[in-house]
Amino acid sequence: MSEPSIFTRIIRGEIPSHKVYEDDHTLAFMNIHPSQLGHVLVVPKVQVAYLQDLAEGDYQALMAAVQKVAKRQAEEFGPDYKICLKVMGFDIAHAHVHVVPCKTPADFAATEDMNEPDHEVLAAMAAKLAF
């Protein structure tokens, strides 16, 4: 097995996170460097580098969790927002889906905020989105 990814370490509880959703196969938590308020990462609990490398059941579980998170964001943010998905696979060798509330195409294209995380804001948003 390769070195545990940062997401595997979050899943194991070695690194704290602001959890939104968890089941037997997936974990959803706030991105500490969000491109938009409400930016959530949904990860499979099995570590594979790319989405297409997931076993069919793990892929289905991941996408079911993504849909649940997206529906929850839509409820919280309202009809002025589109709930956007990004799958990039560049920075972290652990498949994951970004679920991002956006009002405009520019919101979707925005880069992640790499400043020091504001854990109070992240915790408050996680509390609103948690289910």
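The buried residues of helix H2 (buried: under 20% relative accessible area, 1.4 Å probe, protein chains only) get their cover from a set that includes strands S1 (19-22), S2 (26-30), S3 (40-44), S4 (82-86) and S5 (97-102), plus helix H4 (119-129). Keep in mind that this is a predicted model: local features need pLDDT of at least 70, side-chain atom pairs count only at pLDDT 80 or more, and totals for chains, interfaces and linings use all residues. Numbering starts from 1 along each chain as its sequence is written, and side-chain values use heavy atoms, with hydrogens and water left out.

**Helix H2**
- H2 covers residues 56-77, 22 in number, and its first and last C-alpha atoms are 31 Å apart, close to the 32 Å expected at 1.5 Å a residue (that is, 1.5 Å times one less than the number of residues).
- Its buried residues include Ala61, Leu62, Ala65, Val66, Arg72 and Phe77.
- Just past H2 sits Gly78, with a positive phi of about 90 degrees.

**Fold layout**
- Four helices and five strands make up the secondary structure, taken as DSSP runs (helices H or I, at least four residues; strands E, at least two).
- Read from the N terminus, the order is α-β-β-β-α-β-β-α-α.

**Whole chain**
- The C-alpha atoms fill a box of roughly 40 × 30 × 25 Å along the principal axes.
- Of the 131 residues, 41% are buried.
- Among contacts (heavy atoms within 4.5 Å) with a separation of 6 or more, 60% join residues 24 or more positions apart.

Methods:
Buried < 20%, exposed > 50% of the residue type's maximum accessible area, 1.4 Å probe, protein only.
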